[in-house]
Amino acid sequence: MEKLKVAFYSLGCRMNQFETSAMEEEFENRGYTLSEFSDKADIYVVNTCTVTNDADRSSRKTIRQAKRRNPDAVVVATGCYAQVSPDKLSKMEEVDLVIGNSHKTAVLEIVEQFINERRQDKVFIDNIFRKNDFETFQISTFYEGSRPILKVQEGCNSFCSFCIIPFARGKVRSAKINQIVDQAKILVDRGFKEIVLTGTQLSQFGYDHKEGFLYDLLKRLVKIEGLYRVRLSSMGINEIDKKLLDLITSEEKIAPHFHLSIQSGDDRVLKDMKRNYTVSQYEKVINQIIKKRPDTAIGTDLITGFPTEDEKAFENTVKTVKNLPFAYIHVFTYSQRKGTSAEKFGDTVHPQEKKRRTQIIRQISQEKNRKFREGYIGKPLEVLIISEKDGKKIGLTGNYIHISFSSEKPVNSITKVVLTEVGEERENNTGKEI
């Protein structure tokens, strides 16, 4: 019997990419043939995102594309959009199965049951807030270059007024520290030198168990012999206490690259967003990090067009982001999400005004990112070679500068380069090995 072909498509965040990769591995181990999503397959699994209305639209568009490629294929919608809007997806004629995050680790089992029995059940969703234990896949084969991604936490307890993610991912559930350390050791034994820790809100790691918090996890990880670098995903500044701040700014094995969302540079908007900090409190943490570890790259997220962001509030945001030492800014245009507390404000900012504000912040981000990279021209930098492209090696510094250069050293090696030229995009930099 010919092997069934299965194709995956992942939208949204790094966690989705991690989970998609893990699902691919499960299907492949069961004997399925992995296919490109652009090819004709027997099964299509779309790992959806719902962070914005645009993400919803992209998810639906991708599902329709799959069914057009093979009308007889089994099309599966899983992920965050499936979790929060199962009714909308189940009504799409292109969708055969809707599998929420509550059942994501059972996608293979559900798909096989559907194929073998052609059961009438179409939607597999549970109340995500009833999930008390951390459930994940085994070590993922999803890598960014030669960097394995390790999911250690899921869910968020913050409930910011604009955010749908807690309803998609649930409350905080964390992996056990010993399990994470064991997985990290396996990766290091396989020869990997950098591990990226990911979660919905990494700084809330351990909020659900008594084993310890992110500080305790990192103290264990940095002791692993042969581990060159640990890189952290998104954290909240009001969850970084002095002990954690001192550790991440003094431990060389922790990459000096921290993604700390600000969302707005205006205190009133921050209050309406339920962010639980002020601009001055945010600035204090950022400045402390830079003072203790000057080479740090600080990235952030920012939302433009929040309903209570008037022109004055936006001006305050522009002033704030110009004054802060950001290496890059991810800009999101506000999208009203049903079920969030911000829904009560309506969607008051005109779409064209939202677009204008988004363009202004993106321009500031481009200028800041280029300036950040230019500050390292001519300096010797230690990089981890993470990939090869067009005959050149791509190296990554601890503070997230990508550098293309010629080298005989293989991927996953550590070497030193001098940055000679920066490109328009943050990945398009060139250097010379020394």
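How many bridges join strand β11 (residues 194–198) to β12? There are four, and the two strands run parallel; two strands are said to pair if DSSP finds at least two bridges between them. Before following that pair further, it helps to know how the structure is described. This is a predicted model, in which local features need pLDDT of at least 70 and side-chain atom pairs count only at pLDDT 80 or more, while totals for chains, interfaces and linings use all residues. Residues are numbered from 1 along each chain as its sequence is written, and side-chain values use heavy atoms, with hydrogens and water left out.

Taken as a whole, the chain has 13 helices and 20 strands, where helices (H or I, at least four residues) and strands (E, at least two) are DSSP runs numbered from the N terminus. Its radius of gyration is 22 Å, close to the 22 Å that the globule rule gives for 434 residues, so the chain is as compact as a globular protein of that length; the radius is taken over C-alpha atoms, and the rule is 2.2 Å times the number of residues to the power 0.38. Along its principal axes, the C-alpha trace spans about 60 × 55 × 45 Å.

Of the 434 residues in the chain, 57% are buried, a word that stands for under 20% relative accessible area, with exposed meaning over 50% and partly exposed in between (1.4 Å probe, protein chains only). The accessible surface of the chain comes to about 19800 Å², and carbon and sulfur atoms account for 45% of it; such areas come from the Shrake-Rupley method with a 1.4 Å probe, and for residues only the protein chains shown count as cover. Among contacts between residues at least 6 apart in sequence, 73% join residues at least 24 apart, a contact being heavy atoms within 4.5 Å.

We can now return to strand β12 (residues 229–232), both faces of which are covered: Arg229 and Arg231 lie on one side, Val230 and Leu232 on the other, and all of them are buried. Within the pairing of β11 with β12, Val196 has Arg231 as its bridge partner.

A second covered strand is β18 (residues 402–405), where His402 and Ser404 on one side and Ile403 and Phe405 on the other are all buried. Strand β17 (residues 392–396) pairs with β18 in the antiparallel sense over four bridges, and the bridge partner of Lys393 is Phe405. The two strands form a hairpin with five residues between them, in which Tyr400 takes a positive phi near 65°. Thr397 also lies in the loop between β17 and β18, and Thr397 is buried, with a relative accessible area of 2%. Leaving aside residues up to four places away in sequence, Thr397 touches Arg229, Arg231, Leu381, Glu382, Val383 and Ile403. Two of these names have already appeared, since Arg229 and Arg231 belong to one side of β12.

Beyond β18, the loop that leads to β19 (414–421) holds Asn412, a residue other than glycine with a positive phi near 80°. Asn412 is buried, with a relative accessible area of 13%. Asn276, in the loop between α10 (267–272) and α11 (279–292), likewise is not a glycine and has a positive phi of about 65°, but Asn276 counts as exposed at 63% relative accessibility.

Another sheet can be traced through the strands β1 to β6. Here six strands form an open sheet in the order β2-β1-β3-β4-β5-β6, with parallel pairing. Strands β2 (33–35) and β6 (123–124) stand at the edges, each with a single partner strand, so one side of each is left without a neighbour in the sheet. The partner of β6 is β5 (residues 97–100), paired with it in the parallel sense over two bridges, and Val98 stands opposite Val123 in β6.

Two further loop residues complete the tour. Asp72 lies in the loop between α2 (53–69) and β4 (74–79) and is exposed, with a relative accessible area of 70%; although Asp72 and Ile43 are 29 residues apart in sequence, their C-alpha atoms are 9.0 Å apart in space. Thr308, in the loop between β14 (297–304) and α12 (311–323), is buried instead, with a relative accessible area of 16%, and, not counting residues up to four places away in sequence, Thr308 touches Arg268, Val269, Asp272 and Phe345.
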